[in-house]
Amino acid sequence: MATITECRGALDRLSDGLARADGDVRGAAALDRTLSCHVTDLDTTFTGRLTGGRIVVASTVAGPPPTKAQIRLAMTGDDLVAMVGGELNFAKAWASGRVRLEAGFRDLLKLRALL
């Protein structure tokens with residue numbers, strides 16, 4: 001089972017990858033939205049923003065997200081680490097219910113480039 005430190009590291013690597021992206025991915029990452037990632041098996045939520053092409057984690061809180069972010073993710077820590085490491089395909093994980101993504105319709109259209 002992935003640890004909180006490993007999950008935070010995965011989010012940092014994802015942020016670094018978004019910052020280096022170009023084309024459609026860069027456009028999708030250029031959103032300025034609040035973000036939460038609930039790691040279900042650790043019952044921990046990372047909150048922050050997707051801004052300037054990066055994920056900026058502002059806090060780590062116990063339990064589910066304390067407020068409703070504009071972009072909300074939920075998954076196990078192992079799935080988060082595997083997705084960022086390229087071992088788990090986001091679209092397949094989302095389609096199978098292993099990963100939950102909730103956002104407004106317009107944000108989902110932009111985020112599809114990241115998927």
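**View 1. The pairing of β4 with β5 in the predicted model**. In this predicted model, I71 has A103 as its bridge partner in β5, and this pair belongs to a ladder in which β4 and β5 run antiparallel over 4 bridges. The two faces of β5 differ in their surroundings, since L101 and A103 make up a covered face, whereas R100 and E102 make up an uncovered one.

**View 2. The open sheet and its edges**. Five strands are arranged in the order β3-β2-β1-β4-β5, and they form an open sheet with mixed pairing. Because β3 (54-62) and β5 (100-103) each have a single partner strand, they stand at the edges, and one side of each is left without a neighbour in the sheet. Neighbouring strands are turned against each other by 20° on average, with direction ignored. As a general point, the strands of a sheet pair through backbone hydrogen bonds, in either a parallel or an antiparallel manner.

**View 3. The hairpin of β1 and β2**. β1 and β2 pair in the antiparallel sense over 7 bridges, and within this pairing H38 stands opposite T45 in β2. The hairpin has 4 residues between its two strands, and in the turn D43 has a positive phi of about 45°.

**View 4. The hairpin of β2 and β3**. Strand β2 (residues 44-51) is joined to β3 by 8 bridges, and the two run antiparallel. Two of the residues of this ladder can be followed by their partners in β3, with T45 bridged to V61 and R49 bridged to V56. The connection between the strands has 2 residues, and G52 in the turn has a positive phi of about 60°. Since 6 of the 8 residues of β2 are buried, this strand is largely enclosed by the rest of the structure.

**View 5. The surroundings of T44**. T44, which is found in strand β2, counts as buried because its relative accessibility is 6%, and the cut-off for a buried residue is under 20%. A polar atom of the T44 side chain lies 3.0 Å from the backbone oxygen of L42. When neighbours within four places in sequence are left aside, T44 is in contact with I4, C37, H38, V39, T60, V61 and G63.

**View 6. Helices α1 and α3 against the sheet**. Helix α1 (residues 4-20) lies across β1 (33-39), β2 and β3, and runs at about 160° to β3. Helix α3 (residues 77-84) lies across β1 and β4 (71-75), where the angle to β4 is about 110°.

**View 7. The largest nonpolar core and the contacts of L80**. This core has 26 residues, of which L50, I71, L73, M75, L80 and V99 touch the most other members. At least two residues of the core are supplied by each of α1, β1, β2, β3, β4, α3, α4 (90-96) and β5, and the largest share, 4 residues, comes from α1. With neighbours within four places in sequence left aside, L80 is in contact with C7, A10, L11, C37, V39 and M75. In soluble globular proteins, nonpolar side chains tend to be buried together.

Methods. Residues are numbered from 1 along each chain as its sequence is written. This is a predicted model: local features need pLDDT of at least 70, side-chain atom pairs count only at pLDDT 80 or more; totals for chains, interfaces and linings use all residues. Side-chain values use heavy atoms; hydrogens and water are left out. Two strands pair if DSSP finds at least two bridges between them. Axes are lines fitted to C-alpha atoms, for helices over the stretch in contact, and angles run from 0 to 180 degrees between N-to-C directions. Contact means heavy atoms within 4.5 Å. Buried means under 20% relative accessible area, exposed over 50%, partly exposed in between (1.4 Å probe, protein chains only). A nonpolar core is a set of buried Ala, Val, Leu, Ile, Met, Phe, Trp, Tyr and Cys residues joined through side-chain atoms within 4.5 Å. A polar contact is a pair of N or O atoms within 3.5 Å; within protein, one must be able to donate a hydrogen and the other to accept it, and residues adjacent in sequence count only if both atoms are side-chain atoms.
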